[in-house]
Amino acid sequence: MKNTTHAAENFLTGTPLTIDIKSSFEQAQELFSLAGEELLVLTDGAAFKGVLRRRVLEEAMRFGLKLDLADLLEKIPAGEDFSQEALKNPFSAYVLLKKDSAKSLITLKDAFAFAWEDLSENFSLEFPEELSEICTKASEAAKALGLRVFLVGGIVRDLILKRPSFDIDLVVTEKARYFAENLAQKLGARLVKTSLFGTFKLAWRDYDIDIAQARWEYYEAPARLPKTFPGPLRQDAFRRDFTINSLFLCLKTRRLIDYYGGLKDLCAKKLRVLHILSFVEDPTRIFRAARYATRFNFAFSSDTFRALSLALKLKVLSLLSSARLRNEFLRIMEEENPSLAIIFLAENRVLNELFEKVPDKFEIKRFFALATKMRLSPAEKIEAFALFLALREKDLERLDISGHKKKALWQAKLSLKEKAAFLKDPKIPLSEKVFFLEKMPREALLAASFLDEAFILKCLKCFEIKPGLSGEDLQKLGVKQGPEIGKMLKALRAAKIDGTIKPGEEEAFLRKEFADVFSS
Ligand code: ATP
């Protein structure tokens with residue numbers, strides 16, 4: 001790390017964790033414990049007073065000292081400029097001030113992560129033109145508001161991997177709403193969504209731009225949604241799913257900020273959780289892991305495997321709501337090759353936690369190959385897959401299929417099973433089978449594993465076959481309006497499906513088969 005002096009504005013790391021000096025020991029202890037920080041900034045109103053050290057607070061509590069937080073306050077180097085030299089003090093930290101309030105608490109960890117010179121010099125990131133425009137405008141908006149803005153997450157990962165991406169996540173050190181409005185105006189973008197959690201979404205050309213203030217969070221229980229608060233950048237990195245998704249790219253300098261070795265893991269093709277309880281606090285990350293591992297062909301680090309075993313041992317998947325689970329499956333189905341992620345989940349015993357009977361790798365491959373040929377949408381693939389795995393109607397609910405849809409799919413599965421012999425009987429004309437199958441939801445055909453692929457594809461083609469003549473044509477031939485017309489059209493269509501007539505032979509066929517109708 002070079003000992004460089006940085007302009008203060010280059011070193012804004014987000015809202016420091018702060019507690020009012022009049023708070024109790026217990027309140028301070030709770031904040032330390034939830035955030036996992038070692039230092040809290042003590043304030044009186046907005047004014048910076050000093051810091052509280054975790055060890056000091058805990059010692060005071062252990063000794064049973066009857067004191068106030070003000071008694072435990074310690075002074076820390078602070079000022080409006082920053083040099084790394086300033087970190088050489090007993091706290092290994094420095095407070096960046098604006099007027100008399102604390103803008104950022106810079107720790108050794110921040111300085112190390114911000115040590116861009118070492119990390120990103122060898123990486124020339126190529127920004128497509130439109131992305132570059134977004135970044136430039138975002139930088140201008142940040143400058144106008146006196147804050148810092150970073151690209152974060154998937155977009156940074158994909159830039160390094162040189163993969164196109166249209167989902168952009170921006171993190172700002174403060175004032176996310178003003179920033180979002182300002183950027184929307186600069187780009188001429190639409191502000192499509194604002195949320196209670198202080199996140200904003202812009203739509204611009206093909207891009208979705210998500211904007212949030214850096215935050216820290218904690219989970220009250222496994223699989224719950226987290227409680228989130230404005231926080232420092234290093235906490236915002238730590239709350240993420242994998243190191244490769246925890247990289248920031250400073251838009252002013254276009255350099256990486258890497259708190260947890262994400263760049264190293266990207267180069268080594270490793271998927272690494274940020275901590276061992278990662279999958280326990282948020283089991284949806286298991287499905288995200290399956291997507292990334294298979295999409296990028298990355299291996300789990302040994303800790304990631306241990307984190308997975310722990311989550312499976314603690315049965316946390318059962319705590320996930322079916323809506324959240326469905327959402328994760330939907331994202332898998334949107335992958336270019338969903339079968340890889342599903343096989344990954346099956347082989348790592350994740351699917352077993354959700355479904356009683358899990359198909360083997362070859363059945364899964366067959367299923368997805370057919371789903372692709374059938375051009376099922378991602379949502380249809382989920383339904384087909386749920387039905388494929390379901391042993392009883394209720395099992396469909398696990399992937400949030402309910403009400404009429406659930407009944408219809410299950411009924412279809414039962415009818416198909418009942419008709420298995422009929423469908424496999426080579427003596428029965430194809431048209432009869434087609435007439436039966438076309439009443440079924442397409443997802444159900446895929447779940448009937450006793451039907452072979454060629455047969456299903458052939459039937460699907462037959463669904464499109466038309467009789468060749470219309471009701472009007474028949475009337476022109478002298479057939480009176482009435483039920484006979486429907487019967488004749490059906491017979492025509494059956495003959496076409498079974499290949500017993502050729503184009504142009506329709507009229508002759510009908511005159512022969514329905515001679516009584518024509519003579520009446
Ligand atoms: P993809 O290419 O699959 O869309 P992405 O990285 O863009 O990947 P998003 O779901 O858009 O994924 O999320 C954006 C970022 O938010 C992620 O890169 C990650 O840093 C963070 N993130 C998303 N979901 C979680 C989660 N469940 N737990 C922790 N961090 C998450």
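Visitor: Which of the 16 residues around the ligand come nearest?

Guide: In this predicted model, the residues that come nearest to the ligand, out of the 16 around it, are Asp282, Arg285, Arg291, Arg295 and Arg331.

Visitor: What makes Arg285 a polar contact of the ligand?

Guide: A polar side-chain atom of Arg285 is placed 2.8 Å from a nitrogen atom of the ligand, and because a polar contact is a pair of N or O atoms within 3.5 Å, the pair qualifies. Arg157 has a polar side-chain atom 2.9 Å from an oxygen atom of the ligand, and for Arg240 the distance from such an atom to a ligand oxygen is likewise 2.9 Å. As for cover, the protein takes up 81% of the 590 Å² of accessible area that the ligand has on its own.

Visitor: Which helices supply at least two residues of the shell around the ligand, and what is the make-up of that shell by class?

Guide: Helix H7 (154-161) and helix H12 (284-296) each supply at least two residues, and H12 contributes the largest share, with 6 residues. By class, the shell consists of 11 charged, 4 polar and 1 nonpolar residues.

Visitor: Why is the contact of Glu59 with Arg62 called a salt bridge?

Guide: The closest N and O atoms of Glu59 and Arg62 are 3.4 Å apart, and the term asks for a side-chain nitrogen of Lys or Arg within 4 Å of a carboxyl oxygen of Asp or Glu, so the pair meets the criterion. The two residues are 3 residues apart in helix H2 (residues 54-63), which means that about one helical turn separates them. Glu59 is partly exposed at a relative accessible area of 36%, whereas Arg62, at 58%, is exposed.

Visitor: How do you know that Asp395 is buried while Arg392 is partly exposed?

Guide: Asp395 has a relative accessible area of 17%, and because buried means under 20%, Asp395 is classed as buried. Arg392, with 38% relative accessibility, falls between that limit and the 50% over which a residue is called exposed, and therefore counts as partly exposed. The side chains of Arg392 and Asp395 meet in a salt bridge, with 3.2 Å from N to O.

Visitor: What makes the pair of Lys406 and Glu397 a salt bridge, and is Lys406 buried or exposed?

Guide: The N to O distance between the side chains of Lys406 and Glu397 is 2.6 Å, and because the limit is 4 Å, the pair counts as a salt bridge. Lys406 is buried at 14% relative accessibility, while Glu397, with a relative accessible area of 28%, is partly exposed.

Visitor: How many salt bridges does a search of the whole structure find, and which residues are linked in a network?

Guide: The search of the whole structure finds 42 salt bridges, and Glu217, Asp236, Arg239 and Arg240 are linked in a network of them. Arg240 also places a polar side-chain atom 2.9 Å from an oxygen atom of the ligand.

Visitor: Why are both faces of strand E9 (residues 149-152) called covered?

Guide: In a regular strand the side chains alternate between the two faces of the sheet. In E9, Val149 and Leu151 lie on one side and Phe150 and Val152 on the other, and all are buried, which means that each has under 20% relative accessible area.

Visitor: How do you know that E9 pairs with strand E10 (residues 167-172) and with strand E16 (residues 248-250)?

Guide: Two strands pair if at least two bridges are found between them; E9 and E10 have 3 bridges in the antiparallel sense, and E9 and E16, which also run antiparallel, are joined by 3 bridges. Val149 has Val172 as its bridge partner in E10, and Phe150 stands opposite Cys250 in E16.

Visitor: What is the phi of Lys99 and of Arg254, and where do these residues lie?

Guide: Lys99 is not a glycine, yet has a positive phi of about 50°, and is found in the loop between strand E7 (93-98) and strand E8 (101-107). Because exposed means over 50% relative accessible area, Lys99 is exposed at 72%. Arg254, also not a glycine, has a positive phi of about 55° and lies in the loop between E16 and strand E17 (255-257), where Arg254 is partly exposed at 32%.

Terms used: Residues are numbered from 1 along each chain as its sequence is written. This is a predicted model: local features need pLDDT of at least 70, side-chain atom pairs count only at pLDDT 80 or more; totals for chains, interfaces and linings use all residues. Side-chain values use heavy atoms; hydrogens and water are left out. Buried means under 20% relative accessible area, exposed over 50%, partly exposed in between (1.4 Å probe, protein chains only). Helices (H or I, at least four residues) and strands (E, at least two) are DSSP runs, numbered from the N terminus. A residue is near a molecule or strand if one of its heavy atoms lies within 4 Å of it. A polar contact is a pair of N or O atoms within 3.5 Å; within protein, one must be able to donate a hydrogen and the other to accept it, and residues adjacent in sequence count only if both atoms are side-chain atoms. Accessible areas come from the Shrake-Rupley method with a 1.4 Å probe; for residues, only the protein chains shown count as cover. Ala, Val, Leu, Ile, Met, Phe, Trp, Tyr, Cys and Pro count as nonpolar, Asp, Glu, Lys and Arg as charged, and the others, Gly among them, as polar.
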